[in-house]
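Here is a briefing on one molecular structure. Keep the sequence and the 3D view open as you read.

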There are 2 protein chains.
Amino acid sequence: MALIVHKYGGTSMGSTERIKNVAKRVAKWHQAGHQIVVVPSAMSGETNRILGLAKEISAQPDPRELDMIASTGEQVSVGLLAIALKELGLKAISYAGWQVPIKTDSAYTKARIESIDDAKVHADLNSGAVVIITGFQGVDAGGNITTLGRGGSDTSAVAVAAALKAEECLIYTDVDGVYTTDPRIVSEARRLKVVSFEEMLEMASLGSKVLQIRSVEFAGKYKVPTRVLSSLTDPMIPLDEEMTSGTLITFEEDENMEQAVISGIAFNRDEAKITIQGVPDKPGIAHQILGPVADANIDVDMIIQNQGIGGLTDFSFTVHRNEYAKALDVLNSKVKSVISANSIVGDDKVCKVSAVGIGMRSHVGIASLMFRTLSEEGINIQMISTSEIKISVIIDDKYMELAVRALHKAFGLDQAK
Amino acid sequence: MALIVHKYGGTSMGSTERIKNVAKRVAKWHQAGHQIVVVPSAMSGETNRILGLAKEISAQPDPRELDMIASTGEQVSVGLLAIALKELGLKAISYAGWQVPIKTDSAYTKARIESIDDAKVHADLNSGAVVIITGFQGVDAGGNITTLGRGGSDTSAVAVAAALKAEECLIYTDVDGVYTTDPRIVSEARRLKVVSFEEMLEMASLGSKVLQIRSVEFAGKYKVPTRVLSSLTDPMIPLDEEMTSGTLITFEEDENMEQAVISGIAFNRDEAKITIQGVPDKPGIAHQILGPVADANIDVDMIIQNQGIGGLTDFSFTVHRNEYAKALDVLNSKVKSVISANSIVGDDKVCKVSAVGIGMRSHVGIASLMFRTLSEEGINIQMISTSEIKISVIIDDKYMELAVRALHKAFGLDQAK
């Protein structure tokens, strides 16, 4: 008997028929003797529908009130799933985040989980009940509802699994695992049976939509074995088969594991780059530029500063495309005159393409193969950023698919191992 | 400066355009110097939509989980209204019932309010904010979400007004006040400028849909001056005009008030009657019959027992039509054999029509005029029940409109006073 956390995405919860299927799958696990906690997302489209109403009323809706309304989608989901489980004869109880409670900070629309009380949930599990907890949300110290931002239900599930010391966290979704790249762009993309935590972290941060990055961080921090698998299979497939399907995120570097040099090509179209030209090349300048940006709650991704010439340098960074206008606004109003920059320019028609792989550590020439491949396709590289296990480039977004396909082939990811 | 509670129904909150109109009206009151608490319903159709999902999953959904999901409609409403008020430059904050908290008992889907904490709300009001509180819901001692049942937002509003010692509770709805009867059935129906609390209580209990009965009970218990008025007027009409529109429920019998003998004709089509035939006429029999019905949480309305003949009597009562099957089930399984009744018969095609008026106290012949009028229309009376200020009859529901029109005319309600 093990304690297992299941997470179901919006598509898996998309209709009452699908919710009944989720209930059948959960019941199968429960009847095999496992203790099950389920963290479902809102029914697909529901959160967008509600936030659309807010946008009809205000171009810049108050974040606290947005969380008040956005959190309702999951509340409906947990109630419906509890009803479906009871209909199958199981004991089941649902909780909103504040009822557990899942405590977060007060950063509305992008809150971070601070603690999860496991007492109530363990008591329910020990009484034989399936416990269903709303994803995506929590409650701050003032008793206000908060949400974790898009994809936050993955984070909720992994955080709940960590708090409950669950044996495994199963992320059921509409894809059957993590691929070498997006199969919609490269038909030869292959599913990875195992991926290391570090690779998964890079892939998530680089735009792979399979798992939200904070959920991977949580999985890594608390070493929660996490598996991404399909919710579209027959709910009654044998448990053994289901337990080994999908992609497992592992925390051990297994020496026997035949590790490819590169595990996957990730990409992200939601990028915008900003360059501040003619910045005095002196200590503290990066903070003077990015401090006000951070204060405005804008996440910065890649940051590049070149060696200065003649006491002046250019400073570039990327932000989410949705925050491009806001970032430019902050820079023009609060930064430009303070640091006496010459000009601020930007482009929100760029994308990021990355090659990720733990094998990179022990192989040379990965970067040069990547740059050569792009060059042969006539794609200009605008920015480069590297870490120990990934290389990312910013390119014109019209070349994104071409770049992904070329790199996937160049690194031999289309060949079965 | 006064503290005023506004309540807006589902139709008034039915679209983002209408929510913006509600915000304009609230802003007008706030800018005139009043402290405003708003209790909105869910957007029209929303609660039905959500409960419909539950019904697709289970014929008898778990009540706790129903409340979990049904409460979300109001949560969306309060958030959207707060956003709309902020868009107008006002300070505003929304609360779900559990955040206030509004404490209730644990009778899911028909909970009763036990207490309302006014500390947080008063603090917000004193800071200049408009406070918006979800109608229809609260939280029980165990921290579970409860709902008050259909129309519960009226009750929430009046209860909040009582807890805050508000000067007036304004119930904005899609009708412009309380009428002598439903204008859709009798075109000559007239709006009452003032109605006594007792008459309103009878009218609500007798099927007038204008106010939920528990809200009237609350208004009476705590003497909350409550006004029913239209939300469909231009939100910017002068405050003086708005303050005297609609129908005021009063707690004083004003001697100068020209009181009609009968104030209105109420009716209710949601009735079903059940008769237990051949019941031993001995002490305790009513409790033996109705105890199990009450235990099943079924509300009983009219109860009639005739003088027995030969040691046996017939015992009749009415229930809500939706609970007819459940009530028959309880009686057949738990009551019939215990009390050795001959048979249990029923009819769910009946309705109740009532004449209500404080003036009845000092006038004789009201009942006989009522019975004669129905008789002249060829309508058979199946059950009769009276109180100090009302007479109700149960008749075949196909005669309902005819009966209402005939009685409205017979009591002179179509003549302007």
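Copies are superposed by least squares on the C-alpha atoms of residues with pLDDT of at least 70 in both. On that basis, a turn of 180° and a shift of 0.0 Å along the axis lay chain B on chain A with an RMSD of 0.1 Å. The two copies are thus related as by a two-fold rotation axis.

This is a predicted model: local features need pLDDT of at least 70, side-chain atom pairs count only at pLDDT 80 or more, and totals for chains, interfaces and linings use all residues. Residues are numbered from 1 along each chain as its sequence is written, and chains are lettered from A and ligands numbered from 1 in the order in which they are written.

**The two copies**
- Thr72(B) comes closest to the rotation axis among the residues of chain B, at 2.7 Å (C-alpha).
- The same surface serves both copies: 100% of chain B's contact residues recur in chain A. Contact means C-beta atoms, placed from the backbone, within 7 Å.

**The sheet in chain A**
- Strands (E, at least two residues) and helices (H or I, at least four) are DSSP runs, numbered from the N terminus.
- Two strands pair if DSSP finds at least two bridges between them.
- An open sheet of 6 strands runs S16-S17-S15-S18-S20-S19 in chain A, with antiparallel pairing.
- S16 (300-305) and S19 (383-387) of chain A are the edge strands, each with a single partner, so one side of each lacks a neighbour in the sheet.
- S15 (264-280) and S18 (343-356) of chain A are joined by 11 bridges.
- Asn268(A) has Lys352(A) in S18(A) as its bridge partner.

How values were computed:
Two residues are in contact if their C-beta atoms, placed from the backbone, lie within 7 Å.
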